[in-house]
Structure formats: structure tokens, C-alpha cells
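I opened my notebook on this one to follow the sheet and then the ligand site. Here is what I looked up, in the order I went.

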Amino acid sequence: MEIRGKAAVITGGGSGIGRAVSERLASDGASVVVADVDSAGGAETVKRIESTGGHAVFARADVTSEQDTRRMLQTAVEQFGRLDILHNNAGIGTGAPGYPLVEPERWHLVIEIDLQAVILGTGLAASIMEKQGGGVIINTASMAGLYPHRQDAVYGAAKAGVVNFTHSLAVWSAEKNIRVNCVCPGIVDTPLVRRGLELAAQHGLKSWMPAKIIQPEEIADAVVMLIRDDSLFGCALEVRPTGRHVVDPRPAPGTKR
Ligand SMILES: NC(=O)c1ccc[n+]([C@@H]2O[C@H](COP(=O)([O-])OP(=O)(O)OC[C@H]3O[C@@H](n4cnc5c(N)ncnc54)[C@H](O)[C@@H]3O)[C@@H](O)[C@H]2O)c1
């Protein structure tokens, strides 16, 4: 899909990866709804986009709320006349002291934001996109959804859910002309990672960082690739410091794709 002239909603657009994607899509000519629970962060992203001549509005939305999610998607339709792209990107980690020591409320929230909100947002956006004849949905999973995550098993489970949800929608996605794909970043230099390291240090826990850390703009490049490449349905795009790799949805044994 060509990006210029399209309308996009980015959740978690007030920080890190979501901010980089919002800025990149706006600079490529899309009109962007920056959605976030953090009003200050969201407003800052809008300001940065407007300062370079781009189009953006802020929508305060908690992605765990159906009402907020409907309103955030409707903002694109009301402000820009359509909804072409949804990036389900908002996410949190469990944080130290980690599972199973954290309060159950915390890991429930990880599942709600990192997995359930992706399912909710995809379904609500699809009903709008279907009436328009198509669209593109990108979910932010993680390499933690493709491989075990020793420091945060609940986060890994939520992100694995996002990967399999995306793979499982491959055929549906092709039939509806609503391409659903996910991006699976390695460790990216964002406030989420910096907060996680600080919290681990406060609890005296060991943490690990790769020699080369990915920049949020590199994830924005990967998201742009998923939007532009019309041949990708239900795929996971793994982004490592050393390069990218597309993981295709594999059919279950004995079944068709
Ligand atoms: N940073 C990494 O290393 C890394 C790696 C792989 C995947 N990810 C994923 O990328 C996504 C973005 O993470 P980031 O690193 O940019 O983090 P970040 O903390 O910089 O940004 C996340 C944003 O999501 C928002 N948010 C949190 N809960 C929300 C809610 N309920 N409703 C709406 N917005 C909410 C926050 O306010 C924040 O602005 C997450 O899904 C994360 O799991 C990050």
C-alpha cells in the first residue's frame, strides 16, 4: 500500500517505537492519529510532526478499553475521512521482580495490553476497513514472541499470542484484503527498555544487553516495509541488529494454509 494520502492510527504513539512510526508515516505523507494513555507524550509527538509540516492529531486512548479503542479509530474517520492503517503497538513489560513474584494484577495487565488489546483493535478496525474495501494492520510483537524470554515469561507468552494471532489471520486477511502482519523487534533503545533496566538494578537482578541495540527508526523502517509490500499476509517480520527475516505462517500438518 502506498503511504502518501492514507490515514493511520498508531497506539503507544507517545513514546519509543510508536513515536518513531508516527513521525515516519507522517513524513511519508500519511495523516496520523497518535493514540496513547499518556497525553503529554502523545501531544509531544503531534508537535514534532507538525513542526516538520506533517498532519497529526492526538487521541487519548487506553487500548484495554473498548470505548476508547472505538473512539480512537473513529477519530481517523472523522478527522481524515478514512482508516487505512492501524498499528497496534502499545505495550508494557512485567518488570522486576518478575513472574511469579509480581502481583497477579500486573501480569494480567501485561496480557490485557500486549495481547487482548491487539485482538480488540484488529477486530474493530477490520469492520471499518472492510467497508472501505481494505486496509493494513501491523501488530507489534517481539522476538520474545518467537523465542523463549527468560527474564519475562508472561511478556513472552503475550507476544507469542500476537505472533500466532497474526499467523492465524493469514487466510482471513487475504480474503478481506485487510493485510495483518506483525513486527518482532529485538532490543530497541526506548524508555520501556531503560525503565526495565533501572527496575532490575533496584531489585539486584542481572540484566543483559546486546552489543548493538536497535534504534526505534529501524523499527519504523520495518513497519513501512510491511505496509508497502502487498504480498505479505499473516507474516512476522523479525528485526535483529544484524538484519530482518520474514517468518511466514506455516500451515498445521495435514491442513491447507
Ligand atoms: N523496546 C524494545 O526493546 C521492544 C522490543 C520488542 C517489542 N517491543 C514492543 O514495542 C512496543 C512499543 O514499546 P516501546 O519500547 O516503544 O515502549 P515505550 O514505553 O517507549 O512506549 C510504549 C507506549 O505505549 C503507551 N501505553 C502503555 N499502555 C497503554 C495503554 N493501556 N493504552 C494506550 N497506550 C499505552 C505508553 O504510554 C507509551 O507511550 C510494545 O508493544 C513493546 O512490547 C519493544
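**Sheet, then ligand**

I began at a single bridge: Leu237 has Val246 of S8 as its bridge partner. I am working with a predicted model, where local features need pLDDT of at least 70 and side-chain atom pairs pLDDT 80 or more, while totals for chains, interfaces and linings use all residues. Numbering starts from 1 along each chain as its sequence is written, and side-chain values use heavy atoms, without hydrogens and water.

Next I checked the strands around that bridge. S7 (residues 236–240) and S8 pair in the antiparallel sense over five bridges; pairing takes at least two DSSP bridges. Helices (H or I, at least four residues) and strands (E, at least two) are DSSP runs, numbered from the N terminus.

Then I traced the whole sheet: eight strands, open and mixed, in the order S3-S2-S1-S4-S5-S6-S7-S8. Its edge strands are S3 (55–60) and S8 (243–247), each paired on one side only.

I moved on to the ligand. Around it I found 29 residues (a heavy atom within 4 Å), with Ser15, Asp36, Tyr155, Val188 and Thr190 the closest. H7 (191–202) is among the helices that supply at least two shell residues, and H7 gives the most, with four.

Last, I looked at polar contacts, which are N or O pairs within 3.5 Å. A polar side-chain atom of Ser15 sits 2.7 Å from a ligand oxygen, and one of Tyr155 sits 2.6 Å from a ligand oxygen.

Notes
A polar contact is a pair of N or O atoms within 3.5 Å; within protein, one must be able to donate a hydrogen and the other to accept it, and residues adjacent in sequence count only if both atoms are side-chain atoms.
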